[in-house]
Amino acid sequence: MLELRNVTKVFNPGTVNEKIALDNFSMTLEDGEFVTVIGGNGAGKSTMMNAIAGVWPVDAGQILIDGEDVTKLSEHKRAKYLGRVFQDPMMGTAATMGIEENLALAKRRGYGRTLRAGITKKEREDYRQRLAILGLGLEDRLTTKVGLLSGGQRQALTLLMATLQKPKLLLLDEHTAALDPKTAAKVLEITEYIVNKDHLTTLMITHNMKDAIVHGNRLIMLMDGRIILDIRGEEKKKLTVEDLLHKFGEASGEEFTSDKAILG
Amino acid sequence: MNVLNLLIAMPGVLTQGLIWGIAAIGIYITYRILDFADLTVDGSLCTGGAVCIMMLFSGYNVVISMLAATFAGMLTGLATGIFHTFMGIPPILSGILTQLALYSVNLEIMGKANQVINVDKYNLLVSLRYTKGVSIYKNSIFVMAVAIILLVVILYWFFGTELGCALRATGCNDGMARAQGINTNFSKVLGLMISNGLVGLSGALLSQYQGFADINMARGAIVIGLAAVIIGEAVFGRWFHNFGLKLIGIACGSVLYFIVLQTVTWMGVDPNWLKFFSAMIVAIFLAIPYWKDKYFTKPTIKEGGKNHA
């Protein structure tokens, strides 16, 4: 479904701040895989996501989605294949627009935007039902401005928007990191529900090792812009946080020191 | 200080306010909806006026002339849009570049620094002459009020379409817009074109109203437009939540601005200082939300996310 071939991205090349964020990075995702991604700060997790989403061009390598080479495709054109949820709840929605308007924007992802109505009556009913499934009471607040919602509500809405048009690939960039534990759990539960219902190929970055183990059917760990660990299937099911820490030490030759990653 | 003098001037002031109201609505589209401080208007208003007058001189009727002026305005927006999106120049600088270039273009269109048009020789849509003592349908206040309502209806419809929603999303959160497949560069260019098209139209009406187009007629247009937007929002914002009403509120804000200006002049303030006071008023109104945030907001304790999931 997704293939990255020798992708390289260097930030601030030729300066003292030069940073090789992705180093000859290759990865293949099969259809229906739910991959959790972990790694320390600056490991290249978000860079990988942004490279796939086309936020900026990569320096070298190829990116294929469902066999199509999208390396040269601009961000908004690639959006047709991708559903994205960001770490910052503010980033995924338009705050000054209503809940239904945000959903209607997402519903038109991948289609040309013309002078047809921005939202129709029929859509509204559909949105109401989909929002009801989230169990957050948003179905009665269709015209509420998204800016008035809490972070958790916004992330749940962004998740719904990302999957309203079934994406070939769902990109979740630490989408629960900015939420309190209880809200984060709720959003993860919704994530799990939507991913399973639509059999979405998913890439989820998390800083929480437990979440990375519990969710999904494959786990990769990044360091210095490379994959240092790739575990799937039965092996992943048996995985514990201790194993991960141990493997991290083995693979990197140093201790995994982030408290946040251990305790989070 | 004769109050009668002030009252006699009112029909003209009202018309002028409504004409500038169209420019203000254009500025609202860039400044508020697109979040793009577009200084192109300090040139494009004159472009609209110049094109309209020269078209009238060439024998075209007033409707065609105004359409041409609107189109010319849209081209100026396109120029700024290209500077910004294709050439990566920051918004304010893009506008300034177009504005400066337009000074030459406007001179070229008019052939000299100003062109006077005689209302008796040409069939104009609005004129200072038509503000009193003519039938209601010919009265410029009536014509302008109808024009504004028509414009608001069209804009209300447009911003409810897929394209209009895409434009709003771009202004609100362009990262999100791109993630939802919106070509934000296209949205920005389109918004700039619509905005400057309206500003050009406003310039066309203004030059008819005052009977001439002048190379300096657009100087400070951005400030007048912003003043109208700010006054409109401050005065009517409490009641006008609907998008259409908001636009009407801005047109009314423009009228209020010109009433204040006229009153100040009537009180004997040297007209040379009017632009100074306009700038100060806008500066203060722009500062108010910032001051409010900084000095008058009580620290609030944020509630936990318990029931807010």
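This tour moves from a sheet in chain A to selected salt bridges in chains A and B of a predicted model.

**The sheet in chain A**

Begin by selecting strands E6, E7, E8, E3, E9 and E10 of chain A, which form an open sheet in that order, with mixed pairing. At the edges lie strand E6 (82-85) and strand E10 (226-232), each of which pairs on one side only. From one strand to the next, the twist averages 15°.

Next, restrict the view to residues 34-39 and 202-205 of chain A. These are strands E3 and E8, which pair in the parallel sense over four bridges. Within this pair, display Val37(A), which stands opposite Ile205(A) of E8(A).

**From the sheet to a salt bridge**

Select Glu33(A) and Arg232(A) and show their side chains: the two meet in a salt bridge, at 3.3 Å from N to O. Glu33(A) belongs to the loop between strand E2 (19-29) and E3, while Arg232(A) lies in strand E10, so that distant parts of the chain, 199 residues apart, are linked by this pair. A surface display helps with the next comparison. Glu33(A) is buried, at a relative accessible area of 10%, whereas Arg232(A) is partly exposed, at 40%.

**Two pairs in chain B**

Turn now to chain B and select Arg32(B) with Glu233(B). Their closest N and O atoms are 2.7 Å apart, and the two residues form a salt bridge. Here helix H1 (residues 3-33), which holds Arg32(B), is linked to helix H9 (residues 221-236), which holds Glu233(B); the partners are 201 residues apart in the chain. Arg32(B) is partly exposed, with a relative accessible area of 39%, and Glu233(B) is also partly exposed, at 27%.

Then select Asp174(B) and Lys188(B), whose side chains meet in a salt bridge of 3.9 Å, N to O. Asp174(B) is in helix H7 (residues 174-179) and Lys188(B) in helix H8 (residues 184-210), 14 residues apart. Asp174(B) counts as partly exposed, at 29% relative accessibility; Lys188(B), at 15%, counts as buried because it falls under the 20% limit.

**The network**

Keep Asp174(B) and Lys188(B) in view and add Glu75(A), Arg84(A) and Arg178(B): these five residues are linked in a network of salt bridges. To finish, display every such pair in the model; the structure holds 21 salt bridges over all chains.

Terms used:
Residues numbered from 1 in each chain as written. Chains lettered and ligands numbered in written order. Predicted model: local features only at pLDDT ≥ 70, side-chain atom pairs only at ≥ 80, totals over all residues. Heavy atoms only, no water. Pairing = 2+ DSSP bridges. Helix = DSSP H or I, 4+ residues; strand = E, 2+ residues; numbered from the N terminus. Axes fitted to C-alpha atoms, helices over the stretch in contact; angles between N-to-C directions. Salt bridge = Lys/Arg side-chain N within 4 Å of Asp/Glu carboxyl O. Buried < 20%, exposed > 50% of the residue type's maximum accessible area, 1.4 Å probe, protein only.
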